[in-house]
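The exercises below are to be worked with the sequence and the model open side by side. Each task is followed by a solution in steps.

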Amino acid sequence: MKQYAWNKGMAMLMAWLWLVVTPMFAQDTILRNGQLWPDTEGHHINAHGGNILEFDDVYYWYGEQRPDRGYTMDGGIAVYSSTDLQHWKNEGLALQLSAEPGSDIERGCIMERPKVIWNEKTQRFVMLFHLELKGRGYEAARVGFAVSERPTGPFRFIRSTRLHAGRWPFDMTEKDIEAAKQTDAAAWHQWWTPQWMSEVQKGMYLWRDFEGGQMSRDMTVFVDDDGRAYHITSSQENLTLLVSELTDDFLDFTGKYNMVAPGGQNEAPCIFRRGEDYWLICSGCTGWAPNEARMFHAKSIWGPWTQLPSPFTGIATGYREMPANKTFGAQGTYIFKKDTTYIFMADIWNPRHLARSLHLWLPIQFDDEGVPVIPWTTELP
């Protein structure tokens, strides 16, 4: 009995020490790329595929709260806060799954790539995210909308939808439209032949999904200098990027959109503007496995976009000797600006334990011609 009491006392003491010492340790922790990043309670930051929003001198980090095992959601979209980009407080779930059976965001759905932006006109925070409905794998390919009056939420889910049903890209000519209408996606059982690729580039999948709406998977949201917001997503079976203009309240699409790199098979888009130059960094489509990034440049959000070599250089150290042509083992999620520095934000995916996927933040440098260069950096900026 005394032994039990002593053990119980020691257990209580150890629990108390854990609660007291762990936050102190976490506060002194320096975040390094390729390692676990503890929050102020000592737990690895479980916010993936998301973005950073600065509001009233506080940074908010939104992301997928992933389960340790499996791919569907059992919580929702997480949010953390920080005043220095080093020490992050877990603020809980910004958007929770619905308990209502049949809801678009019921438990078992897949919510990815959440992006939160501030709407100056409506004075509300708007979240867009890639949504897959429960039990349908990646078939639904929808975009979800949610809104909140507070940066930490709770966000209210509004709806999900596919894109631009019954609408052609604004810059598509009548000749191009007629060519797209002559394609037939159902007739092709063998992909990646030159003939198949020619049909893709004509708009075969654009035409296939014309009435029901275009697919939306890996996505981001960009607010330009004039306050206009744009949704950029991997569409048409992840073969083509779509750039779409959002309405003034950021809760719908104006109907104006166009295609980028048809047939290029780009996903995980990240975009930023520097001066008069727009830069778009994407990944290839290799599932959870890393690949070489792609970079595009334009003088307008609407293009034309020119593809350039990958901006990454060097070899990752500290966790794996992963070269630049594998994007250091990571996949981009967002590019945010801190003062005058642009920071590429990415996930080093761990598909067996998605909650423990690592984070990667790299400052973007520029060569003499103003072209982005992203070397490996262990320490955060």
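A charge sits over a ring if NZ of Lys or CZ of Arg is within 6 Å of the ring centre and within 35 degrees of the ring normal. The model is predicted.

**Exercise 1. Charges over rings**

State which ring lies under the charged end of Lys 256, and which under that of Arg 159.

Solution. Start with Lys 256: its charged end sits over the ring of Phe 170, 4.9 Å from the ring centre. Then take Arg 159, whose charged end sits over the ring of Phe 145 at 4.7 Å from the centre.

**Exercise 2. Aromatic pairs**

Classify the pair Tyr 62 and Phe 155, and then the pair Phe 312 and Phe 328, by the geometry of their rings.

Solution. A pair of aromatic rings is described by the distance of the centres and the angle of the planes. The cut-offs needed are 6.5 Å between centres for a pair, and over 60 degrees between planes for edge-to-face. The count by this rule is 30 aromatic pairs. For Tyr 62 and Phe 155, the centres are 6.3 Å apart and the planes stand at 85 degrees, so the pair is edge-to-face. Next, place the two residues: Tyr 62 is in strand β2 (residues 58–64), and Phe 155 is in the loop between β7 (142–148) and β8 (156–161). The pair links distant parts of the chain, 93 residues apart. Both Tyr 62 and Phe 155 are buried.

Phe 312 and Phe 328 are also an edge-to-face pair, with 5.8 Å from centre to centre and 85 degrees between the planes. Phe 312 belongs to strand β17 (residues 312–313), while Phe 328 is in the loop between β17 and β18 (331–338), 16 residues apart. Phe 312 and Phe 328 are both buried.

As a last step, look for a cluster: Trp 37, Trp 61, Trp 88, Phe 336 and Trp 361 form one.

**Exercise 3. Two pockets**

Describe the largest pocket and the second largest pocket by volume and by lining.

Solution. The largest pocket has a volume of about 810 Å³. Its lining has 31 residues, and Ile 117, Phe 222, Val 223, Asp 224 and Tyr 334 lie nearest the centre. Elements giving two or more residues to this lining are β1 (48–55), β5 (110–119), β9 (219–223), β13 (267–274) and β18. Sorted by class, the lining of the largest pocket holds 16 nonpolar, 4 polar and 11 charged residues.

For the second largest pocket the volume is about 280 Å³. It is lined by 14 residues, with Glu 112, Tyr 138, Asp 218, Glu 267 and Gly 287 nearest its centre. The classes there are 3 nonpolar, 4 polar and 7 charged.

**Exercise 4. Cysteines**

How many disulfides does the structure hold?

Solution. A disulfide is a covalent bond between the sulfur atoms of two cysteines. The cut-off for the sulfur atoms is within 2.5 Å. The structure holds 0 disulfides. For Cys 282, the nearest cysteine sulfur is that of Cys 270, 7.4 Å away, and Cys 282 is in no disulfide. Cys 282 is buried, at a relative accessible area of 3%. Cys 285 is likewise in no disulfide; its nearest cysteine sulfur, that of Cys 282, is 9.4 Å away.

**Exercise 5. One residue in a strand**

Is Ile 343 buried or exposed?

Solution. First locate Ile 343, which is in strand β19 (residues 341–348). The cut-off for buried is under 20% relative accessible area. Ile 343 has 1% relative accessibility, so it counts as buried. Finally, the C-alpha atoms of Ile 343 and Lys 202 are separated by 36 Å, the two residues being 141 residues apart along the chain.

Notes. Residues are numbered from 1 along each chain as its sequence is written. This is a predicted model: local features need pLDDT of at least 70, side-chain atom pairs count only at pLDDT 80 or more; totals for chains, interfaces and linings use all residues. Side-chain values use heavy atoms; hydrogens and water are left out. Rings of Phe, Tyr and Trp (its six-membered ring) pair if their centres lie within 6.5 Å; planes under 30 degrees apart count as stacked, over 60 as edge-to-face and the rest as tilted. Helices (H or I, at least four residues) and strands (E, at least two) are DSSP runs, numbered from the N terminus. Buried means under 20% relative accessible area, exposed over 50%, partly exposed in between (1.4 Å probe, protein chains only). On a 1 Å grid over the protein atoms alone, a cavity is a set of points where a 1.4 Å probe fits but cannot get out, and a pocket is an open set with protein on both sides within 12 Å along at least five of seven lines; lining residues have an atom within 4 Å of a point. Grid points are joined across faces, edges and corners, and a volume is the space filled by probe spheres set on the points. Ala, Val, Leu, Ile, Met, Phe, Trp, Tyr, Cys and Pro count as nonpolar, Asp, Glu, Lys and Arg as charged, and the others, Gly among them, as polar.
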